[in-house]
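Student: Could you take me through one part of this protein up close? I would like short steps that I can follow on the model.

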Amino acid sequence: MSVSVTSLYRRLGPVDLRNVWRDPLLAWVGILPFAFALLYRQIPLLRLLLLRHFEFDLEPWYPLIASTFLAAAPGVVGLVIGFLLIDERDDGVLAAISVAPVRPSTYILYRISAPLAVSMLITVLAYPLIALTPLRFADLLAAAAVASFVAPITALFLATFAQNKVSAFAMVKILNTIELAPVAAWFIPEPAQWLAGVVPSYWPMKMVWRAAAGESYAIHALAGVAVSAAVLALLYRSFRRKLYR
């Protein structure tokens, strides 16, 4: 009898928490999103300095600045899960699953859904600390849900292409650049701006921009889920090929 995803949460969830806590490299990563949020909170001080010395008002840019948090926070969660997957891959745990009661697809679903839930929770809790572009709770929940796909995308990308944790750190820099690339879309009018939609993080950022302006974002949320699901599917196929080749 195969093991369900719910059973994996009960059995492996506490184990994963202990492994993260015991790893000096990962134990502090959980607080990074909140540390980032407190750094974002200092932006008004920078605004005052720019106004005083350069007569440049940063406030109209607050939605853009705040929206980048929706790529940064899930990316941190994805980093943790990616490192766990790298350890399990190198230790042969993932290969052993093919002959265990757990189906590989069920295990990967657990590894994908867990960072989705965790990154969504962390984003919802940490974003209000920024205090730059307050959102209604419903808007924040919707944007955080779409943004949370960045976490499993990051995790699978690292587990698929990183040879070890050292190379994973180097790849994180590349991923961060890609995930924040949609910032450039702020300066491009629609519909040309939609070209940035090939990057999954564009859609939750766009949702923040539109929510801050009091505009509808339903179609952007749907597009974000569709693009993220497609990227996840491609990464999953690549990960399976590498693992069982």
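Tutor: Here is a walk along one helix, and then on to some other places in the chain. Keep in mind that this is a predicted model.

Start with helix α10, residues 165-180. How far apart are its end C-alpha atoms? They are 22 Å apart. That agrees with the expected span, because 16 residues at 1.5 Å a residue should span 22 Å.

Now look at the N-terminal end of α10. Asparagine 164 caps it. A side-chain oxygen of asparagine 164 lies 3.1 Å from the backbone nitrogen of valine 166.

Which residues of α10 are buried? They are Ala168, Met171, Val172, Leu175 and Glu179. Watch the spacing as you read that list. An α-helix has 3.6 residues a turn, so residues three or four places apart point the same way. The cover over the buried residues of α10 includes α5 (69-90), α9 (150-161) and α11 (202-212).

Take α5 next. Phenylalanine 83 sits in this helix. Its relative accessibility is 0%, so phenylalanine 83 counts as buried. Phenylalanine 83 and phenylalanine 169 are 86 residues apart along the chain. Their C-alpha atoms are separated by 9.6 Å.

Then go to α9. Threonine 160 belongs to this helix. Is threonine 160 buried or exposed? Buried, because its relative accessibility is 4% and the cut-off for buried is under 20%. A polar atom of the threonine 160 side chain lies 2.6 Å from the backbone oxygen of leucine 156. Leaving out residues up to four places away in sequence, threonine 160 touches Leu235, Ser238, Phe239 and Lys242.

Now follow the chain out of α10 towards α11. Proline 191 lies in the loop between them. A cis peptide bond joins glutamate 190 to proline 191, with omega about 5°. Most peptide bonds are trans, and most residues other than glycine have a negative phi.

Keep phi in mind for the next stop. Alanine 131 is in the loop between α7 and α8. Its phi is positive, near 60°, though alanine 131 is a residue other than glycine. Alanine 131 is partly exposed, with a relative accessible area of 43%.

Finish with the two helices on either side of that loop. Helix α7 (residues 104-130) and helix α8 (residues 137-147) pack at about 135°, with axes 9 Å apart. That angle makes α7 oblique to α8. The crossing is right-handed. On the α7 side, Met120, Thr123, Val124, Tyr127 and Pro128 take part. They meet Phe137, Leu140, Leu141, Ala144 and Ala145 of α8.

Technical notes: Residues are numbered from 1 along each chain as its sequence is written. This is a predicted model: local features need pLDDT of at least 70, side-chain atom pairs count only at pLDDT 80 or more; totals for chains, interfaces and linings use all residues. Side-chain values use heavy atoms; hydrogens and water are left out. Helices (H or I, at least four residues) and strands (E, at least two) are DSSP runs, numbered from the N terminus. The expected span of a helix is 1.5 Å times one less than its number of residues. Buried means under 20% relative accessible area, exposed over 50%, partly exposed in between (1.4 Å probe, protein chains only). Contact means heavy atoms within 4.5 Å. A polar contact is a pair of N or O atoms within 3.5 Å; within protein, one must be able to donate a hydrogen and the other to accept it, and residues adjacent in sequence count only if both atoms are side-chain atoms. Axes are lines fitted to C-alpha atoms, for helices over the stretch in contact, and angles run from 0 to 180 degrees between N-to-C directions. Angles under 35 degrees count as roughly parallel, over 145 as roughly antiparallel, 65 to 115 as roughly perpendicular and the rest as oblique. A crossing is left-handed if the near helix is turned anticlockwise from the far one by less than a right angle, and right-handed if clockwise.
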